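Take a look at the structure below. This report goes through its sheet, its helices and its core in turn.

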Amino acid sequence: EVHSHTTDLSKQKTDIKPIIERISERYGTICDCSGVNFEISESVTSLPALYTNPTSLQRIMDLLLDNALKYTDEDDRVWIDAEISGSSAVIIIGDSGKGIAEQDIEHIFERFYRSSSDIQQEGSGLGLAIVKETLDQLNEKIWVTSEPEGKTEFSFTVHLYKS
C-alpha cells in the first residue's frame, strides 16, 4: 500500500546528460556569481545509461551541490566527477571548501545534525539526511571523505542499466 508521502522511487533507464545539462546551467550561473570554479568532468557526461529514479537523482545531486556551495568561498572549486565500479557508476560531488571535522563525519547523514562549526549556517540540517534516506530506498550507497580545511567529496553509487 502506498502512502501519499512516499515518493515514487521506481527505477528506469536514465540518461544522465539532461540532468547534467540542467545542473550545469543552474550551478554554473550560481558559481559565476559567487566566484566559485564549477567543473563537470568528461567522465560524468560520458556515463552509460543508469538504472535509477531520474527525479531522485536530480534531487540528490542538487542537495549535494547546494551543500557544497554552502561551504565554499570565492576562488574555491566545486566539481562533479564519476567513475565506473563494477555494475555501478560512482558519482562524486566535491568541493575545496572548509572540510568536515572528523568527529562530525559519522553524524552528517543524521536528521537535524549540525556540526559545531556550522551554527551560523542557515538550513534545516535535513539535506544530507534526505540524500541518505533516498539512496537507501534506491538500494545505493553514499560515503564522504574530507580533509580538515581541505577538500570534501561525497560519493554515491548508481546502478548501471543492464539491457
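How are α3 and α5 oriented to each other, roughly parallel or roughly antiparallel? This is a predicted model, and the answer starts from the axes. The axes of α3 and α5 cross at roughly 150° and come within 9 Å. Angles over 145 degrees count as roughly antiparallel. The two helices are therefore roughly antiparallel to each other.

**The helix pair**

The crossing of α3 past α5 is left-handed. Now look at the residues where they meet. From α3 come S56, R59, I60, L63, L64 and N67. On the α5 side they meet G127, L128, I130, V131, T134 and L135.

Helix α5 spans residues 127-137. Its buried residues are L128, A129, V131, T134 and L135. They pack against α3 (54-70), and also against β6 and β7. Just after α5 comes N139, with a positive phi of about 65°.

**The sheet**

Next, find the strands. Five of them, in the order β2-β4-β5-β7-β6, form an open sheet with mixed pairing. Its edge strands are β2 (37-40) and β6 (142-146), and each of these pairs on one side only. From one strand to the next, the twist averages 20°.

Three pairings in this sheet run antiparallel. The table lists each one with its bridges and an example of residues that stand opposite each other.

| Strands | Sense and bridges | Example of partners |
|---|---|---|
| β4 and β5 | antiparallel, 8 bridges | I80 and I93 |
| β5 and β7 | antiparallel, 8 bridges | V90 and T157 |
| β6 and β7 | antiparallel, 5 bridges | S146 and T152 |

β4 covers residues 77-85, and β7 covers residues 152-159. β4 and β5 form a hairpin with 2 residues between the strands. There, G86 takes a positive phi near 65°.

**A covered strand**

How many residues of β5 are buried? β5 runs over residues 88-95, and 8 of its 8 residues are buried. In a regular strand, side chains alternate between the two faces of the sheet. So check each face of β5 in turn. On one side sit S88, V90, I92 and G94. On the other sit A89, I91, I93 and D95. Both faces are covered.

Helix α1 (residues 16-34) lies across β5, and across β2 and β4 as well. It runs at about 170° to β2.

**The core**

In soluble globular proteins, nonpolar side chains tend to be buried together. Here, the largest nonpolar core has 38 residues. Which of them touch the most other members? They are I16, M61 and F156. The elements that give two or more residues to this core are α1, α3, β4, β5, α5, β6 and β7. α3 gives the most, with 7 residues.

M61 is a good residue to trace. Leaving out residues up to four places away in sequence, M61 touches I16, I19, I20 and I23. M61 also touches I80, I91, I93 and F156. Some of these names have come up before. I80 and I93 stand opposite each other across β4 and β5. I91 and I93 are on one side of β5, where both are buried. I16 and F156 join M61 among the residues that touch the most other members of the core.

Terms used:
Residues numbered from 1 in each chain as written. Predicted model: local features only at pLDDT ≥ 70, side-chain atom pairs only at ≥ 80, totals over all residues. Heavy atoms only, no water. Buried < 20%, exposed > 50% of the residue type's maximum accessible area, 1.4 Å probe, protein only. Helix = DSSP H or I, 4+ residues; strand = E, 2+ residues; numbered from the N terminus. Pairing = 2+ DSSP bridges. Axes fitted to C-alpha atoms, helices over the stretch in contact; angles between N-to-C directions. Contact = heavy atoms within 4.5 Å. Core = buried A, V, L, I, M, F, W, Y, C linked by side-chain atoms within 4.5 Å. Parallel < 35°, antiparallel > 145°, perpendicular 65-115°, else oblique. Left-handed = near helix turned anticlockwise from the far one by under 90°.
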